[in-house]
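Here are my notes for you on this one, written as short points. Keep the picture open while you read, and find each piece as it comes up.

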Amino acid sequence: MQPKTMVKKARLHSPLKNFALEEQIIEYRIDPLTGESTLIAPGRAEYVQKMFAEDDSAVNRYYEKTAKECPFCPENLEGRAARFPKEVLEEGILHLGEIAAFPSLFAHSEYNAVIVLGSSHKRRLNEFTSSLLAQAIMAAQRLLRRMATIEPSIQYSALILNYLPPAGSSIAHPHAQLLASSIPFNRLRILISESRRLFEEEGICYWQTLIEEEKRRGERYLARLGSVEWYLPFAPLRQNEVRALFPWKSSLNELDREDIEGAVEGLTSTLRFYSEHGEGSFNLCIYSAQADASKYFWAGVEVASRPGLRPLYLNDTWGLPLLMHSSEIFEAPEALCKRMKPYFAC
Ligand SMILES: [Zn+2]
């Protein structure tokens, strides 16, 4: 399970260099667990960055336009939110601190809750507070426990936050989604099955070995916050991708106060980094499986930045990652780690 790198060269006579012969380094990295490859292409960063940059006036116009008919603003929510059936939640809508949670109008899984993140219609990246994110995780736990009680086969969950339309969000008001199913999501299935295979064949917990190795090397390791290990992946799938692990916990339901504090501290640090470096939107996912699998599988967090909102924006997902499942990123995680580490300093 050693990380593998393959370096190739592309040769061209570039008009950007007066048609002199240029050799470009093509670095492929193979994920040691999944075998997926990622292309590191730092030369493209400057070229695409201006097309990913957020347009402030477009963001303001978007929030103003969507505020008029927002189903998640407090004055509309009670009249427009769906209700859970009584066997899931007696009161129909879960209120917890600033959070309101209710079923998604169009379900993405057999159990699917929308978790509205506070009453403010507009919330920028640096305005997602620790307390708000902690309440969202606790609301997800409460619902997940209820769902699993009703149907014990509900073992797989993803707490997802898509922020702004470039990240796939159709409603401006900040919200998360809790998806819970008896069928694992594709990536979750691969993470579970491959780490289980390593445990059965080699007697190791991949995630424990990974964190020990990342700590030893130091070049991609960010910090241990509370009980949560934050690091950058060797072969990222997305731009500015940050990951975290909950050691010896395989289910969202097992997370205690220290786990949740470590998760939200890392998430707010990541969003502050994105905000201060011009990243406009993001996706985040806290994934989990059944509660008794932690000897080979650990629940975790994945966060990645997405393009900023602008009138003619460039999507960062093109045919290669979408259809061929080959990722391309513009900055090596070791370089990103140097820039990001100060945000994770305790
Ligand atoms: Zn709203």
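1. What do the buried residues of α9 pack against? They pack against β9 (221-225) and α7 (257-276). Keep in mind that you're looking at a predicted model.

2. Let's stay with helix α9, which covers residues 333-340. Its buried residues are P333, L336, C337 and M340. Look down the axis of α9 and you'll find these residues within an arc of 105°, so they line one face of the helix. It helps to know that an α-helix has 3.6 residues a turn, so residues three or four places apart point the same way. Now turn to the other side of α9: K338 and R339 are exposed there.

3. Next, the sheet. It's an open one made of 10 strands, and the pairing is antiparallel. Trace the order for yourself: β4-β5-β6-β8-β7-β12-β13-β11-β10-β9. The edge strands are β4 (94-96) and β9, each of which pairs on one side only. You've met β9 already, as one of the elements that the buried residues of α9 pack against. From one strand to the next, the twist averages 15°.

4. What holds paired strands together? In general, strands of a sheet pair through backbone hydrogen bonds, either parallel or antiparallel. For an example here, try β7 (residues 156-163) and β12 (residues 281-288): they run antiparallel and are joined by seven bridges. Within this pair, N162 stands opposite N283 in β12.

5. A helix packs on this sheet too: α4, residues 130-150. It touches β4, β5 (99-103), β6 (111-117), β7 and β8 (175-181). Compare directions and you'll get about 160° between α4 and β6.

6. Finally, zoom out to the domains. The domain assignment splits the chain into domain 1 (4-47) and domain 2 (48-344). Taken over C-alpha atoms, their centres are 29 Å apart.

7. How many residues of domain 1 are in contact with domain 2? The count is 16, and they meet 18 residues of domain 2. On the domain 1 side, β2 (20-30), β3 (37-40) and α1 (45-52) each supply at least two of the touching residues. The largest share, four residues, comes from β3. Sort that side of domain 1 by type and you get eight nonpolar, three polar and five charged residues.

Notes. Residues are numbered from 1 along each chain as its sequence is written. This is a predicted model: local features need pLDDT of at least 70, side-chain atom pairs count only at pLDDT 80 or more; totals for chains, interfaces and linings use all residues. A residue is buried if 20 or more other C-beta atoms lie within 10 Å of its own, exposed if 12 or fewer, and partly exposed in between; C-beta atoms are placed from the backbone. The arc is that of the directions from the helix axis to the C-beta atoms. Two residues are in contact if their C-beta atoms, placed from the backbone, lie within 7 Å. Domain bounds come from an automatic or database domain assignment. Ala, Val, Leu, Ile, Met, Phe, Trp, Tyr, Cys and Pro count as nonpolar, Asp, Glu, Lys and Arg as charged, and the others, Gly among them, as polar. Two strands pair if DSSP finds at least two bridges between them. Axes are lines fitted to C-alpha atoms, for helices over the stretch in contact, and angles run from 0 to 180 degrees between N-to-C directions.
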